[in-house]
Structures are given as C-alpha cells and as structure tokens.
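Please look through the sequence and the model below before reading on, and keep both in view while the text moves from one part of the chain to the next.

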Amino acid sequence: MQLNDKFEILQNPGFEFWEEHLANIYKYEGWTYSKHDFNSWKAAFGDRVNHFALVEKDTKKYIGGVFSATYTLPKLLAVGMYFLLPEYRGLGLGLPLWDRGIAGDVENKALIAAEKMSPKYALRDGFDKIIEWDLKKTSIQIKDVDSTKLDIDTTLKTSNFKEVDFEKLMEFDRKITGGLERAAYIKEFFTQPGAYNKVVISQEGEILGYCNIRECYHNNLVVGPFYAQNLLVASTILRAALESIPNLNNFEILKMAVPSSNSDAKKLFDILSTGKCKIDAKNFIQFTNHLMNIPGDKIYAVTDCTVSYA
Ligand SMILES: CC(C)(COP(=O)(O)OP(=O)(O)OC[C@H]1O[C@@H](n2cnc3c(N)ncnc32)[C@H](O)[C@@H]1OP(=O)(O)O)[C@@H](O)C(=O)NCCC(=O)NCCS
C-alpha cells in the first residue's frame with residue numbers, strides 16, 4: 001500500500017512521538033503502557049525494535065504509529081500498539097504504516113489482536129495460527145484491591161528479582177513462552193523505573209513463579225508477566241508484589257490481560273477484589289507460521305501486548 005504525498009512515515013522519531021502515542025492510545029483506546037517501556041525495549045532489542053510514526057509531511061503532526069521488535073532465537077517479529085487518531089481512520093493510511101511494522105525476514109510473526117481486528121490480520125497477512133483461548137483485558141479499581149485477602153504459602157521463599165539465579169528464572173520463562181530467548185528484555189523490563197516484582201522459590205530452590213507490576217500511563221498499574229505453577233503460588237507472589245508497592249493507594253486502576261484458559265486466574269483476581277474485577281475486552285494471540293507452545297494455565301497475566309505474546 002502507498003501513502004499519498006501529504007503524509008510520511010518516520011522511523012524512530014524520538015521520545016516526544018512516543019509520549020504522544022502513549023497519551024493517544026490511552027485517551028482513545030484505554031491502553032496503558034509505561035513511559036519507560038520504549039527505553040527498555042531499546043536497551044534489550046537495540047536496532048531490532050522500531051517505532052514507525054505516521055505524520056503529516058509538512059507539519060510533522062502526529063497521526064498514529066505502530067511498533068515492532070524482533071527476537072533472534074527463534075527469529076520472531078512481534079508487532080503491536082497499532083493506532084491512528086480517529087479522524088484519520090478509514091482513509092487508507094493504516095495499511096502502509098502496518099506494512100512497515102510487519103516488514104522483516106523472520107521465521108514467525110506474532111501479535112495480540114483486538115477482537116474486531118483478529119480476522120483481518122488472519123486474512124490479510126496470514127496471522128491465522130490463533131491460540132484457542134483468548135485474553136481477557138481485566139481491570140480492578142485500586143480502592144477495591146485488598147491484598148490481605150490473598151492466601152500465602154509460608155513454606156515458600158519470596159525473593160527480589162536481583163537475588164535469584166537469573167538462568168533458572170529464564171529456564172522457567174522459556175517453558176511459558178515456548179522456548180523464546182528473551183533474557184535481555186526481562187532484565188530491562190524488571191529493572192525499569194516504576195517496576196515492582198517478586199519471585200517465588202520452593203524450599204528446594206526451584207523457581208515456581210514470578211510477578212511484575214509496573215507503573216503505567218495515567219496512574220494505572222499493569223500486571224505482567226505473572227506466571228505461577230498453581231493458584232497458591234500465584235496468590236503468594238501477587239500479594240508480595242502488591243505489598244512491595246510503597247504508594248499503592250496513589251494509583252487508580254490495576255490492569256492485566258488474563259488467559260481465559262486459566263480459571264484459577266479469574267478466581268485469584270476475584271478474591272483480590274471481592275468479585276469487583278471487570279472484564280473490558282477480548283484479545284487473541286496470533287502467529288503467521290506456527291503456534292508457540294504456551295501453557296495458558298500457568299499464565300495469570302501476559303507480559304505486554306506489543307513486544308510479547310505470553
Ligand atoms: C486499526 C487502525 C490503525 C486501522 O486504521 P485504518 O484507518 O482503518 O486503516 P486503513 O484505512 O488503511 O484500513 C483499510 C481497511 O483495512 C483494514 N485494516 C487496517 N489495518 C489492517 C491490518 N493490519 N490488517 C488487516 N486489515 C487492516 C481496515 O480495518 C479497513 O477495513 P474496512 O475497509 O473493512 O473498514 C485504526 O482503525 C485504529 O486506530 N483503531 C483503533 C486501535 C486498534 O484497534 N488497533 C488495532 C489493535 S489490534
């Protein structure tokens with residue numbers, strides 16, 4: 001698809017465009033990310049992460065954007081945060097932007113699709129290998145969060161990310177992502193400003209799960225990755241992670257994207273909020289070449305919906 005000569009696509013136009021994108025995707029779609037995310041992606045992926053911004057050629061006025069990141073093992077491109085200002089939609093401007101986002105000679109491509117876009121991605125560019133369960137975009141008002149309702153297994157050790165054997169953590173991580181090597185990304189993501197995380201370890205020293213919660217745009221907290229072997233482990237980690245946030249009551253909403261296949265996750269967030277958690281939308285995890293083997297019953301919240309698929 002070609003753009004007409006009033007518009008152009010800028011590659012990695014800088015932090016101001018990133019911030020404008022963050023503000024707009026929140027305002028119009030309710031999607032919330034941390035302003036530090038792009039720096040974490042840059043540090044982890046280097047020139048394998050791209051922000052493509054659609055602008056008016058003369059004025060460089062922001063119109064929209066899309067992001068992609070490429071992993072090397074396996075060679076997989078993840079694409080997301082695809083958005084145009086409402087007044088520029090339906091004019092044929094989205095597709096040329098999208099084509100920049102998905103360009104790349106890789107084995108497999110992945111995305112997390114909004115429900116209405118899911119069949120379109122499948123049809124146009126072959127994102128038709130779709131995980132059988134969906135993701136429920138879930139939110140809880142912070143005033144309804146009561147971490148003391150969460151059970152704890154006192155035989156388990158709750159550690160900080162920096163204290164654990166990182167290679168063991170990544171071994172666990174690869175079991176959840178279907179073998180994706182993303183050590184650099186996890187390291188950056190867990191240590192970025194405004195990220196709170198805990199890891200739970202058995203008495204034998206085995207990693208049983210971890211939970212990251214990060215401060216995001218507009219006083220939101222977003223949970224992910226949040227992986228656990230079972231409900232009690234999940235409950236133990238979530239409570240520890242929430243209680244490590246010093247100013248929890250200054251935030252408004254806790255958000256997460258939760259696999260429909262994990263009935264324990266729904267149970268856990270219901271306990272946390274005494275049944276006040278709200279499901280806003282349904283998303284689908286889609287690939288072009290083959291499905292990654294993701295155990296949906298161990299995921300309580302996916303990492304993020306742009307550079308991750310689990
Ligand atoms: C998604 C979005 C960026 C597409 O922009 P757009 O202005 O509709 O793009 P175009 O005018 O180039 O699209 C022409 C057609 O191709 C479709 N299309 C756009 N991008 C597409 C893609 N990546 N794959 C397949 N189809 C696509 C459009 O839906 C439209 O279909 P229609 O003629 O049946 O209505 C825009 O609708 C938007 O910002 N939506 C809100 C945010 C959102 O849902 N993003 C996607 C999250 S997964």
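Residues 171-270 carry the UniProt annotation "domain: YitH/HolE acetyltransferase (GNAT)", which comes from an unreviewed entry. In this predicted model, the end C-alpha atoms of residues 171-270 lie 30 Å apart, and the span is 37% helix and 33% strand.

Within that stretch of the chain, Glu-204 has its place in the loop between β9 (195-201) and β10 (207-216). Is Glu-204 buried or exposed? A residue counts as exposed if 12 or fewer other C-beta atoms lie within 10 Å of its own, and because Glu-204 has 5 other C-beta atoms within 10 Å, it is exposed. The C-alpha atoms of Glu-204 and Leu-156 are separated by 9.5 Å, although these two residues are 48 residues apart along the chain.

Helix α8, which runs over residues 263-272, offers a contrasting case, for Ala-265, Leu-268, Phe-269 and Leu-272 are buried there. Seen down the axis of α8, these buried residues fall within an arc of 90 degrees, and therefore they line one face of the helix. The elements that cover the buried residues of α8 include β7 (135-141), α7 (231-243), β12 (253-259) and β14 (299-301). After α8 comes Thr-274, whose phi is positive, near 40 degrees.

A wider view takes in the whole chain, for which the domain assignment gives domain 1 (7-117) and domain 2 (135-301). The C-alpha centres of domain 1 and domain 2 lie 25 Å apart, and the contact takes 22 residues from domain 1 and 29 residues from domain 2. On the side of domain 1 that touches domain 2, α1 (15-29), α2 (37-45) and β5 each supply at least two residues, and β5 gives the most, with 7 residues. Sorted by class, the residues on this side of domain 1 divide into 13 nonpolar, 5 polar and 4 charged.

The strand β5 (108-114) appears again around the ligand, where β4 (75-84), α3 (94-102), β5 and α4 (118-125) each supply at least two residues of the shell. Which of the 18 residues around the ligand come nearest? They are Arg-89, Gly-94, Leu-95, Lys-120 and Arg-124. Taken by class, the shell around the ligand has 11 nonpolar, 3 polar and 4 charged residues.

Definitions and conventions:
Residues are numbered from 1 along each chain as its sequence is written. This is a predicted model: local features need pLDDT of at least 70, side-chain atom pairs count only at pLDDT 80 or more; totals for chains, interfaces and linings use all residues. A residue is near a molecule or strand if its C-beta atom, placed from the backbone, lies within 6 Å of it. Helices (H or I, at least four residues) and strands (E, at least two) are DSSP runs, numbered from the N terminus. Ala, Val, Leu, Ile, Met, Phe, Trp, Tyr, Cys and Pro count as nonpolar, Asp, Glu, Lys and Arg as charged, and the others, Gly among them, as polar. Domain bounds come from an automatic or database domain assignment. Two residues are in contact if their C-beta atoms, placed from the backbone, lie within 7 Å. A residue is buried if 20 or more other C-beta atoms lie within 10 Å of its own, exposed if 12 or fewer, and partly exposed in between; C-beta atoms are placed from the backbone. The arc is that of the directions from the helix axis to the C-beta atoms. UniProt positions are given in the numbering used here, feature names are shortened, and annotations may be inferred rather than shown by experiment.
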